Amino acid sequence: MIATRRILLGAAAALAAPRILRAQAPLRVGDQRGNARAVMEASGQLKGFGERIAWSEFPAAAPLVEALNADAIDTGLVGDAPFTFGAAAGVPIKAIAATRENREGLAILVQKDSPIRSIQDLKGKRIATGRGSIGHQVILAALENAGLPLDAVQFVFLLPADAKAAWARGSVEAWSTWEPYVSQEEVLNGARRVAHGQGITPGLGFQAARNDAIAARREDLAEFVRRLAAARAWANANVEGYAKTWSELMNVPAPVAEHWFRRAATRVVPIDDSVATDEQKNIDLYARANLVRRRIDAKDLLDSSFNSAIQAGNRAA
């Protein structure tokens, strides 16, 4: 009887082991250059939590969304445009937190000596950007705002490093991109913005998470967004210090970082009706551009069950 009991207990332990190991596995977080990880490290929000995270770095949002789709990561912060594009393509994700920021750092750039002065001057010209990116989004929004058709320009879809190279050598007349690339080109090279996203795009980003991660890793995800909210609030209250830390971490001149952070004032906000309304505007813009070919309700892509964690993070700061 005792031997039998030991066997049964051993079998039960063996069956339980995979579940224990899964529970102890790190939260797989995707990040873009100098984004969530940098601000959380600088603010001290990774203390006692960083060992529970496995970070993966991506050059832009599109490959990060692809990693979410491939179950290579559990969560990652992306702009509203790539989030919309990915969700429309069937990536099994929802937004568990939103970010808002000034959109002047989302811009269509031209070289300082370019004859192009306005969005009207870009008709027929080549613009480099990422397909489905926030850079793509701002071009579409700027064209609509100027009363131009959405095919008035030639899109050249490239990742940021390739887009910058094409723009630098004159293969394209403009580059539509985001921070820190915009501030780098403005501060270091005198680039000019012929259009930017403020007033014509919602200024949203999303902490996207896989549906299965939301079900299985709720506690870790809630802790992550709580700490991210606190980190962003800290950064906005300590711009100069954060810019110095970030510039050393990313090997980018401090004036670039300070220019970006003061202009953007990025903050983490709960998923509420205003977020849903603005996300629906993104969806509808993509539908008009024939990039979204099925009816999507923004509320189906958003998960407000993490709002209390976000609010706690903002209060803690």
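Here is a short chat about a few residues and the nonpolar cores of this predicted model.

Colleague: Happy to start with Arg100: is Arg100 buried or exposed?
Modeller: Arg100 sits in strand E4, which covers residues 93-100. Its relative accessible area is 15%. The cut-off for buried is under 20%, so with 15% Arg100 counts as buried.

Colleague: Which side chain makes a polar contact with the side chain of Arg100?
Modeller: Setting aside neighbours within four places in sequence, Arg100 is in contact with several residues, including Pro202, Thr266, Ser274 and Asp278. One of these also makes a polar contact, side chain to side chain, at 3.0 Å. That partner is Asp278.

Colleague: And how does Asn211 count: buried, partly exposed or exposed?
Modeller: Asn211 belongs to helix H8, residues 211-216. Beyond its neighbours within four places in sequence, Asn211 touches Pro92, Ile93 and Lys94. Its relative accessibility is 32%, and the class between 20% and 50% is partly exposed. Therefore Asn211 is partly exposed.

Colleague: Which helix gives the largest share of the largest nonpolar core?
Modeller: The largest nonpolar core has 65 residues, and Phe83, Ile108 and Val275 are among those with the most contacts inside it. Seven residues of this core come from one helix, spanning residues 134-145. That helix is H5.

Colleague: Last one, how many residues does the second, separate core have?
Modeller: In soluble globular proteins, nonpolar side chains tend to be buried together. Here, Val39, Trp55, Ala209 and Ala257 are included in a second core, separate from the largest one. The number of residues in that second core is 37.

Conventions. Residues are numbered from 1 along each chain as its sequence is written. This is a predicted model: local features need pLDDT of at least 70, side-chain atom pairs count only at pLDDT 80 or more; totals for chains, interfaces and linings use all residues. Side-chain values use heavy atoms; hydrogens and water are left out. Helices (H or I, at least four residues) and strands (E, at least two) are DSSP runs, numbered from the N terminus. Buried means under 20% relative accessible area, exposed over 50%, partly exposed in between (1.4 Å probe, protein chains only). A polar contact is a pair of N or O atoms within 3.5 Å; within protein, one must be able to donate a hydrogen and the other to accept it, and residues adjacent in sequence count only if both atoms are side-chain atoms. Contact means heavy atoms within 4.5 Å. A nonpolar core is a set of buried Ala, Val, Leu, Ile, Met, Phe, Trp, Tyr and Cys residues joined through side-chain atoms within 4.5 Å.
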